[in-house]
Amino acid sequence: METRGQSYRDVGPAELKELVRAGGEGRSIHSAADFGEWVSELPLDELAEPSPFIVDGNGVLRLAPRRSEHVVCAGGGEVLSAGEMSFREESGWWVVEEVSNQSTGYCPDISSWPAVSKALDLIGIHRPPDSRTK
């Protein structure tokens with residue numbers, strides 16, 4: 001996948017960057033099946049809250065467990081977007097309920113929404129319209 005849109009580098013506290021470990025990145029989601037596998041591993045109480053996400057430089061969505069740091073999810077790299085997503089099951093399908101750009105270290109502008117939209121569209125997960133982003 002080609003890089004698209006503005007990229008953001010982490011500007012958060014150094015102690016959070018120190019948490020980055022090889023292989024500790026968020027789960028790359030390339031398909032609805034990948035998402036289904038990731039969500040099936042979450043405790044139900046964790047699914048009730050938004051999860052950290054990033055869209056990496058290749059346009060791939062990565063998800064991490066609640067209370068994970070965005071810089072860890074990104075493996076310390078630059079991102080096209082970062083924030084939190086909440087999900088719900090609707091008629092047997094998973095849908096994104098809400099997306100925010102709330103990230104401690106990346107501080108993406110809402111103009112990063114197209115990268116999120118494209119990443120979700122590529123994996124076939126229904127998303128809210130652009131106007132519902134925060």
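This note goes through the nonpolar cores, a cavity and one loop residue of a predicted model.

1. The largest nonpolar core has 22 residues, and within this core Leu61 and Met85 are the residues with the most contacts. Two or more residues each are given to this core by α2 (32–40), β2 (51–56), β3 (61–63), β4 (79–90), β5 (93–100) and α5 (113–123), and α5 supplies the largest share, namely six residues.

2. Apart from this, there is a second, separate core of 11 residues, which includes Ala74, Val79, Ala82 and Tyr106.

3. Leu61 deserves a look of its own in the viewer. Leaving aside residues up to four places away in sequence, Leu61 touches Arg27, Ser28 and Ile29, then Phe53, Ile54 and Val55, and also Met85, Ala119, Leu120 and Ile123.

4. The structure holds two cavities of 30 Å³ or more, and the second largest cavity has a volume of about 40 Å³. The lining of this second largest cavity is made up of Asp10, Leu16, Glu69, His70, Val71, Ser103, Thr104 and Gly105, which divide into two nonpolar, four polar and two charged residues.

5. Pro43 is found in the loop between α2 and α3 (44–47). With a relative accessible area of 39%, Pro43 counts as partly exposed, because this value falls between the 20% limit for buried and the 50% limit for exposed residues. The C-alpha atom of Pro43 is separated by 24 Å from that of Ala119, a residue 76 residues apart from Pro43 along the chain, and Ala119 is one of the residues touched by Leu61.

Conventions: Residues are numbered from 1 along each chain as its sequence is written. This is a predicted model: local features need pLDDT of at least 70, side-chain atom pairs count only at pLDDT 80 or more; totals for chains, interfaces and linings use all residues. Side-chain values use heavy atoms; hydrogens and water are left out. A nonpolar core is a set of buried Ala, Val, Leu, Ile, Met, Phe, Trp, Tyr and Cys residues joined through side-chain atoms within 4.5 Å. Buried means under 20% relative accessible area, exposed over 50%, partly exposed in between (1.4 Å probe, protein chains only). Helices (H or I, at least four residues) and strands (E, at least two) are DSSP runs, numbered from the N terminus. Contact means heavy atoms within 4.5 Å. On a 1 Å grid over the protein atoms alone, a cavity is a set of points where a 1.4 Å probe fits but cannot get out, and a pocket is an open set with protein on both sides within 12 Å along at least five of seven lines; lining residues have an atom within 4 Å of a point. Grid points are joined across faces, edges and corners, and a volume is the space filled by probe spheres set on the points. Ala, Val, Leu, Ile, Met, Phe, Trp, Tyr, Cys and Pro count as nonpolar, Asp, Glu, Lys and Arg as charged, and the others, Gly among them, as polar.
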